[in-house]
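Reader: Could you take me through one part of this model, the charged side chains and what they pack against? I'd like it in plain bench language, with the cut-offs spelled out as you go.

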Amino acid sequence: MDTDKIITSIMAKPWANTYSLLKAIGASSAVIDETWRDYRRKYMRSQRWQDIRTKALERSCRACEQCGKRQEDGYKLDVHHLTYIRLGGEQMEDVQVLCYLCHGQMHYRRRVRHEEAE
């Protein structure tokens, strides 16, 4: 089986460890990055993601679950994945509502932790 067929097979399923799988088959960083961007572009437009997002916003009363900033006060709220293990099949505990600033800080901390672990 060639790499393209493996990648296509992997992407047909929820994200679940796809990064590790792509790395294990020797996919280049460029292929991994593009595959990830493509998956997210498609998934974030799906009805499934829109339903998860709506439920998370309702659960949080449309407020950041870190700092409490509220959408009604003009703050942009994002629904952040705490884990990508079940991407495409998330459970509500896999996501968190964050304002734009807290969301950026969360990704910065994750990137720093990842770089320190290498």
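**Charged side chains and their surroundings**

Author: Let's start with R70, which forms a salt bridge with E72, the closest N and O atoms being 3.4 Å apart. By salt bridge I mean a side-chain nitrogen of Lys or Arg within 4 Å of a carboxyl oxygen of Asp or Glu. Keep in mind that this is a predicted model, where local features need pLDDT of at least 70 and side-chain atom pairs count only at pLDDT 80 or more, while totals for chains, interfaces and linings use all residues. Residues are numbered from 1 along each chain as its sequence is written, and side-chain values use heavy atoms, with hydrogens and water left out.

Back to the pair. R70 counts as partly exposed because its relative accessibility is 28%, whereas E72 is exposed at 64%. The cut-offs here are under 20% relative accessible area for buried, over 50% for exposed and anything in between for partly exposed, using a 1.4 Å probe and protein chains only.

Searching the whole structure turns up five salt bridges. Side chains of opposite charge can pair when their charged atoms come close. One of the five joins R37 to E34, at 3.2 Å from N to O. Those two sit three residues apart in helix α3, so about one helical turn separates them. (Helices are DSSP runs of H or I with at least four residues, strands are runs of E with at least two, and both are numbered from the N terminus.) Both partners are partly exposed, R37 at 42% and E34 at 36%. There's a bit more to this spot: E34, R37 and R41 are linked in a network of salt bridges.

R59 has a partner too: E65, with the closest N and O atoms 3.2 Å apart. R59 comes out partly exposed at 36%, and E65 does as well at 32%. Both of these residues also touch Q96, whose contacts beyond four places in sequence are R59, E65, Q66, D78, V79, H80, L82 and M106. Contact here means heavy atoms within 4.5 Å. Q96 lies in strand β2 and counts as buried because its relative accessibility is 11%. Its C-alpha atom is 8.3 Å from that of D78, although the two residues are 18 apart along the chain.

Now for a charged residue without a bridge. E90 is buried yet has no salt bridge, and the nearest side chain of opposite charge, R48, is 4.1 Å away. For that search, Lys and Arg count as positive and Asp and Glu as negative, while His and the chain ends are not counted. What E90 does have is a polar contact, at 2.6 Å, between its side chain and that of H81. That term covers a pair of N or O atoms within 3.5 Å; within protein, one must be able to donate a hydrogen and the other to accept it, and residues adjacent in sequence count only if both atoms are side-chain atoms. E90 sits in the loop between β1 (77-81) and β2 (95-99). Leaving out residues up to four places away in sequence, it touches Y43, R48, W49, I52, H81 and V95.

Two of those neighbours deserve a look of their own. The structure holds one aromatic pair. Y43 and W49 make it up, tilted at 50 degrees between the planes and 5.9 Å centre to centre. Rings of Phe, Tyr and Trp (its six-membered ring) pair if their centres lie within 6.5 Å, with planes under 30 degrees apart called stacked, over 60 edge-to-face and the rest tilted. Both rings belong to buried residues, Y43 at 8% and W49 at 4%.

W49 also takes us to the largest nonpolar core, where W49, C64, L77, V79, V95 and V97 touch the most other members among its 16 residues. At least two residues of this core come from each of α3 (29-43), α4 (47-59), β1, β2 and α5 (100-117). A nonpolar core is a set of buried Ala, Val, Leu, Ile, Met, Phe, Trp, Tyr and Cys residues joined through side-chain atoms within 4.5 Å. L77 has charged neighbours as well: setting aside residues within four places in sequence, its contacts include R53, R62 and K69.

That brings in R62, which lies in the loop between α4 and β1. R62 is partly exposed, at 35%, and has a positive phi of about 55 degrees although it is not a glycine. C61, found in that loop too, has a positive phi near 55 degrees.
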